[in-house]
Amino acid sequence: MTSQQHSDHTTGPRSPHHAADGRSPFAGRPLDGLVVLALEQMAALPFATQLMGRLGARVIKVEHPVDGESGRQSQPSITDPQGRTVGATFLRSNLGKDSVGIDLKSAAGRRLVLELASHADVIAENFKPGTLDRLGLGPKVLADANPSAVLVSVSGFGSNPASPYRTRPAYASIVEGMSGIYEFKRHGDEPLHVNPVGALGDISAGLFAVIGVLAALRQRDLTGEGQHVDVAMLDSVLAMTDVVTNFASLGQASEPDPAPYVLSSFRTADGSLVIQLVREHQFARLAELIGYPEWVGDPRFAERTGWGEHLDDVIRPALEAWAAGLTREEAAVALADAGVVAGSALTPTEVLTDPHVAARNMLVAMDRPDGVDAPVLTPGNPVKLSRVPEQPERRVPWVGEHTGDVLVELLGLTVGQLDALVTDGVISGGS
């Protein structure tokens, strides 16, 4: 398996590659020089700021000075060099960040955050709406501290008081359910399939947050002024599950039954194969390939709904008989060569050694500090830029690991001032 290497420290840019025309592309990254102050926890916003970091921004993550953010407590987990829990939720979305431990409930801690905000290009927060206001760090206060900064807020239901859900907490599965996709995908009286893809609500919100920030930064380039980017997880999932509302407006409130397509898994010699077949010419090619060319003129398949009506009694037995002597990959290749879209249903372990995943550098290996030899693997950066060579990743930070360095560098605090803040419990005392 090919994976990016990790070190405790960010390495410098690789030597630039030369284009075919002899020109040297930009050796840095698009967001080099930008500072992101992240008041964040759990998954959605940390994913967004990690992506900004992968594009070159410096991400300064503010956490509780002792326990860190709540994502550190998730399971499964590893332990850091001090024996503290570092959970999977945290491990997935915090590569390359600086951790600054500050107690936001203390007046001195809030002053430090406002001073840090004055040095930021982007201020990112995903507290429940109203929480930062109660702490004296609401959007207006942050904007006053740095009018040119872009403030991005990610929450379950956004900051608009018109939403009846505005003050509710949310996880990905909650907004996914509220989007209608669970009911849309239900068949008969079967139980709802909750949280089928892990973090659709989180990752979609994170992606839209990054898009909003980049747009706001572009506008700041023109006007010099920052603005508030307000992203709701429910809005994000509504966009990702666009078929739900669109189909409902056309009079179809659930997946069609019988379906006018084939979208299912099929057994092969070594596991399952997924096929999506939505056009008549694809059906004809499938029928020819598996030895049933007469299906093209069969009245049962005169309409696409016939594919769904006879999926289990005709199509599936024939297709699985054809695939019984083939591996998933052999069957997928044969189908692809015939113009039918198909792919192997990989097990999670198989994904770790998949050649595409290796070729695209889509796994990052982080050495464990707790004595376990096998590294922690997390998804790599899916954004590939032709003029920006991929950089080695830096491991996730331990709680408050960079507190002193950041406060000295950006705010000019002395060692004595740091010691006093540590004594008062305002900041972390080190990693």
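A search of the whole structure, which is a predicted model, finds seven aromatic pairs. One of them joins F157 and Y165, whose ring centres lie 5.5 Å apart. The planes of these two rings meet at 55°, and the pair is classed as tilted. The partners can also be described by how much of each is accessible. F157 has a relative accessible area of 8% and is therefore buried, whereas Y165, with 30%, is partly exposed.

A second pair gives a useful contrast in geometry. For Y292 and W295 the centres are 4.9 Å apart and the planes are at 20°, so this pair is stacked. The reasoning rests on a cut-off: planes under 30 degrees apart count as stacked. Here, too, a buried residue is matched with a partly exposed one: W295 has a relative accessible area of 3% and is buried, while Y292 is partly exposed at 32%. Both residues belong to one aromatic cluster, together with F283, F301 and W307.

Aromatic rings can also be looked at alongside charges. R72 lies over the face of F90, at 3.8 Å from the ring centre. Across the chain there are 35 positive and 52 negative charges, and the mean positions of the two groups are 5 Å apart.

The backbone holds some details that a newcomer may enjoy finding in the model. Most residues other than glycine have a negative phi, and most peptide bonds are trans. Against that background, two cis peptide bonds can be described. One joins Q75 and P76, with omega about -5°. P76 lies in the loop between β3, which covers residues 58-63, and β4, which covers 77-79. Another cis bond joins D257 and P258, and its omega is about 5°. P258 is likewise placed in a loop, with α10 (242-249) on one side and β10 (262-268) on the other.

Positive phi values appear at M42 and N361. M42 is not a glycine, yet its phi is about 65°. This residue is found in the loop that runs between β2 (35-39) and α1 (44-54). N361, also not a glycine, has a phi of about 60°, and the loop that holds N361 connects α16 (355-359) with β13 (363-366). Are these two residues buried or exposed, or something in between? M42 has a relative accessible area of 26%, so M42 counts as partly exposed. N361 is buried, because its relative accessible area is 14% and buried means under 20%.

These local features sit within a chain of 431 residues, of which 44% count as buried. The secondary structure comes to 18 helices and 15 strands. Measuring tape in mind, the reader may picture a C-alpha trace that spans about 85 × 50 × 50 Å along its principal axes. The accessible surface of the chain is about 21,000 Å², and carbon and sulfur atoms account for 54% of that area.

How do the contacts relate to the order of the sequence, and what share of them joins residues at least 24 apart? Among contacts between residues at least 6 apart in sequence, that share is 70%.

Key:
Residues are numbered from 1 along each chain as its sequence is written. This is a predicted model: local features need pLDDT of at least 70, side-chain atom pairs count only at pLDDT 80 or more; totals for chains, interfaces and linings use all residues. Side-chain values use heavy atoms; hydrogens and water are left out. Helices (H or I, at least four residues) and strands (E, at least two) are DSSP runs, numbered from the N terminus. Buried means under 20% relative accessible area, exposed over 50%, partly exposed in between (1.4 Å probe, protein chains only). Contact means heavy atoms within 4.5 Å. Accessible areas come from the Shrake-Rupley method with a 1.4 Å probe; for residues, only the protein chains shown count as cover. Lys and Arg count as positive and Asp and Glu as negative; His and the chain ends are not counted. The place of a charge is taken as NZ of Lys, CZ of Arg, CG of Asp or CD of Glu. Rings of Phe, Tyr and Trp (its six-membered ring) pair if their centres lie within 6.5 Å; planes under 30 degrees apart count as stacked, over 60 as edge-to-face and the rest as tilted. A charge sits over a ring if NZ of Lys or CZ of Arg is within 6 Å of the ring centre and within 35 degrees of the ring normal.
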